[in-house]
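Please look over the predicted model shown below, and then follow the report through its packed helices, its sheet and a few single residues.

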Amino acid sequence: MKRTAALVGVTGGAGTTRLCVEVGALLAHAGRSVAVLDAAVATQGLARHAPGRIETDLTALLTDAGDDATLADALVDHPAELAGRLALCPAYAPFERLARAKTPAAADRFEDLIATAGREFDHVLVDTPPVAANQSVAAVDAADRVTLVAPATERGADAVQRMRGRLADVGSPPDAVVATRAAGDHPVAAADATVLRTDSAAPASAPDLDGEFSPAVARAATTVFETVLDVEFPEEGLLDVDAAEYVPDALR
């Protein structure tokens, strides 16, 4: 089973952070332990999903501010009631430390951090911005799998091709593509999985999985990690069964 995956937004606003949390929550619904690490240190979007005060953040682990800190010190458990564990490691720091977290030395520490998380959790998701800085290069280099996240638009389809070229340049070609915020048919022909547009709560915050949005997230999860999930869904919606076992095409 692949343990670590970098989810790379092909463009800003692709919904990568939310997809990381949703996929992580779906896996935790299935009883897995999941960590989400925040490589998008400039936007710090993962911090919005972390409850309470963040004392030690990811950037502290990547700089001398965290010389005595461990991964466990920077993890915040998501408040949703899940069968497994969903732990978030957000970036939440002043600008000075954000800048130092983007250095080559910090990138080396980030690769080590991803490896450490991979030994301690069943799955690790790295919320990765478009590859243009040291920490995003470190994420795609260290992860077992690389998945492109693209909005289900013409802009997203074009950005997929550009990001494929960039990842080829750094020696980490993508393994899969997930289209997000789809409202039906969409132009991202390269997508291996599609997550629907929804105004409802994500699986991370919903007490129960639904019959339409959650199965789409499950397909994305199996695509990202090439794993098999046995998850119960309501009968209404896309599935007319009480439980669905998702098997990626690569494992059939």
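## The contact between α5 and α6

In this predicted model, P104, A107, F110, E111 and I114 of helix α5 meet N134, Q135, A138, A139, D141 and A142 of helix α6. Sorted by class, this contact of α5 with α6 comprises seven nonpolar, two polar and two charged residues.

Two packed helices are described by the angle between their axes and by the distance between those axes. For α5 (residues 104–120) and α6 (residues 134–142), the angle is about 30 degrees and the axes lie 9 Å apart. Angles under 35 degrees count as roughly parallel, and α5 and α6 are therefore roughly parallel to each other. The crossing in which α5 passes α6 is right-handed.

## The sheet and the helices across it

Eight strands form an open sheet with mixed pairing, in the order β3-β4-β2-β5-β1-β6-β7-β8. Its edge strands are β3 (76–77) and β8, each of which pairs on one side only.

Helix α7 (residues 154–169) lies across β1 (4–9), β6 (145–151) and β7, and runs at about 155 degrees to β6. Helix α8 (residues 213–225) lies across β1, β5 (123–128), β6, β7 and β8, and its direction makes an angle of about 150 degrees with β8.

## Strands β7 and β8

Strand β7 (residues 176–182) pairs with β8 in the parallel sense, over three bridges. Among the bridge partners, V178 is matched with A193 in β8, and A182 is matched with L196 in β8.

In a regular strand the side chains alternate between the two faces of the sheet. Strand β8 (residues 193–196) shows such an alternation, with A193 and V195 pointing to one face, where they are buried, and T194 and L196 pointing to the other, where they are not. The bridge partners named above thus fall on both faces of β8, since A193 belongs to the buried pair and L196 to the pair that is not buried.

## The loop residue V188

V188 is placed in the loop between β7 and β8. Is this residue buried or exposed? Because the cut-off for a buried residue is under 20% relative accessible area, V188 counts as buried at 3% relative accessibility.

When its neighbours within four places in sequence are left aside, V188 is in contact with A150, P151, A152, T153, G156, A157, V160, V177 and A179. T227, by comparison, is separated from V188 by 39 residues in sequence and by 23 Å in space, taken C-alpha to C-alpha.

## Two residues with positive phi

Most residues other than glycine have a negative phi. Q44, which is not a glycine, nevertheless has a positive phi of about 55 degrees. Q44 sits in the loop between β2 (33–38) and α2 (58–62), and with 17% relative accessibility Q44 counts as buried.

R181 is another residue other than glycine with a positive phi, in this case near 60 degrees. R181 is found in strand β7, and its relative accessible area of 41% makes R181 partly exposed.

Conventions
Residues numbered from 1 in each chain as written. Predicted model: local features only at pLDDT ≥ 70, side-chain atom pairs only at ≥ 80, totals over all residues. Heavy atoms only, no water. Buried < 20%, exposed > 50% of the residue type's maximum accessible area, 1.4 Å probe, protein only. Helix = DSSP H or I, 4+ residues; strand = E, 2+ residues; numbered from the N terminus. Pairing = 2+ DSSP bridges. Axes fitted to C-alpha atoms, helices over the stretch in contact; angles between N-to-C directions. Parallel < 35°, antiparallel > 145°, perpendicular 65-115°, else oblique. Left-handed = near helix turned anticlockwise from the far one by under 90°. Contact = heavy atoms within 4.5 Å. Nonpolar A, V, L, I, M, F, W, Y, C, P; charged D, E, K, R; others polar.
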